[in-house]
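User: I'm new to reading protein models, and I'd like a close look at one part of this one. Could you pick a spot, walk me through it slowly, and then show me how it fits with the rest?

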Amino acid sequence: MPKNASRAAGRHFLHIPGPTPVPDRILRAMDTPLIDHRGPEFSALARRALDGIKTIFKTTNPVIIYTATGTGAWEAALVNTLSPGDHVLMVETGQFAAQWRNMAQKLGLTPEMIPTDWRVGVDPAAVEARLKDDKAHAIKAVCVLHNETATGCLSDIAAVRKAIDAAGHPALLMVDTISSLASVDYRHDEWGVDVTVGGAQKGLMLPPGMSFNAVSDKALAASKTAKLPKSFFAWDDMLTMNRQGFFPYTPATNMIQGLVVAIDMLHEEGLEAVFARHERLAEATRRAVRAWGLDILCRDPKAYSPTVTAVLLPEGHNADALRAQALEHFNVSYGASFGPYAGKYFRIGHLGDTNDLTVLAALAGAEMTLSLAGIPHRKGGVQAAMDFLVEAHAKPARVAAE
């Protein structure tokens, strides 16, 4: 937006990896008169939400809904299952893994971090080797991110589960799906996850302020002996009230209205179609980055994220300055960089209620800003993305014709 302007024409293009744009249908669902959160109408609504969200996590066990961002759900996962001083194994896949580690320390736990260079996902073999060394079973939980939002690296959770089992270790498996839930295939029950942490403001297309714990029977058993202090986040109080369609405190009633509609929308599109759409948009983005001659922060193609791509700039160029220019000139927001790579990359979010044309707009904004900022690159990134998308859409038609 020009510096002296009070209004920018058109819409703002929000292409950070969350919060993501909220669809009009969800906004309308939330823009309704408040109802009694102790009345029968709300009880019916809450039951729809509590049952529906299980289908997104792919679990038959309870999913607890918190009026809190994903950080609150991180805390809930830890305090409900662990006791002061408990040893927790984590993997430093990026900024958000590090922040979860910092929380564990503040809560009085003893986290141990398996380091990485932030350009890969979790190495299941490293997890297995560390657990095999833990003969006394001092490690009580393994905490990993399914998708590291800060770097665009996806981890194989089924392989992590196999690694824990191969080590013969009883540690709980806790997984953060905040930037993958409802965008990437995830199977809480099938993959043997004990606590899955989720957030509402990304693939679920809601505003920030709601988060989740999906819990296994093993996690529920652990909660009976866990000694960390808890009140607001206590599972037992929540589960008791949830069985009646209520909460132990006033919930975000209108967010729950939106959640029910978000779940409906995901099933109307079909979860497999949702996952395929995210894979398609991610590959289109990566085609553009390669055509520009720039590097993708995630260096392992098997770990490429379907929801966010981090783009490394050439040495000597500042990604934060590029993001500022993109916002000023084209009213588009890209994600920031962190840690040892601060100022060296920007992130393009391609998740939530987005499609081919919105992602092409994000890529066009990036290509124009690269030129404005004088950053060395090749032209044709948007064209490479368009070529891929045309081919992707032509394939089903050819298959049908055959």
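Analyst: Let's begin with a term: helices (H or I, at least four residues) and strands (E, at least two) are DSSP runs, numbered from the N terminus. With that in hand, find N331, which sits in the loop between α11 (319-330) and β13 (332-334). Keep in mind that this is a predicted model, where local features need pLDDT of at least 70, side-chain atom pairs count only at pLDDT 80 or more, and totals for chains, interfaces and linings use all residues. Residues are numbered from 1 along each chain as its sequence is written, and side-chain values use heavy atoms, with hydrogens and water left out.

Is N331 buried or exposed? N331 is buried, as its relative accessible area is 16%; buried means under 20%, exposed over 50%, and partly exposed in between (1.4 Å probe, protein chains only). Setting aside neighbours within four places in sequence, N331 has contacts (heavy atoms within 4.5 Å) with A8, R11, H12, F13 and A326.

Now hop over to helix α9, residues 253-269. The expected span of a helix is 1.5 Å times one less than its number of residues, so the 17 residues of α9 should cover 24 Å, and the 25 Å between its end C-alpha atoms agrees with that. Of those 17 residues, 13 are buried, so α9 is largely enclosed by the rest of the structure. Right after α9 comes G270, with a positive phi near 95°.

What about the nonpolar cores? A nonpolar core is a set of buried Ala, Val, Leu, Ile, Met, Phe, Trp, Tyr and Cys residues joined through side-chain atoms within 4.5 Å. The largest one has 74 residues, and W100, M174, F212 and L259 touch the most other members. Helix α9 gives the most to this core, with 9 residues. Another core, of 31 residues, lies apart from it and includes C298, F346, A366 and L370. In soluble globular proteins, nonpolar side chains tend to be buried together.

Last stop, a small piece of strand pairing: an open sheet of 3 strands runs in the order β11-β12-β14, with antiparallel pairing. Since β11 (295-296) and β14 (345-349) are at the edges with a single partner strand each, one side of each has no neighbour in the sheet. Two strands pair if DSSP finds at least two bridges between them, and 2 bridges join β11 to β12 (residues 308-312). Look for I296, whose bridge partner in β12 is V311.
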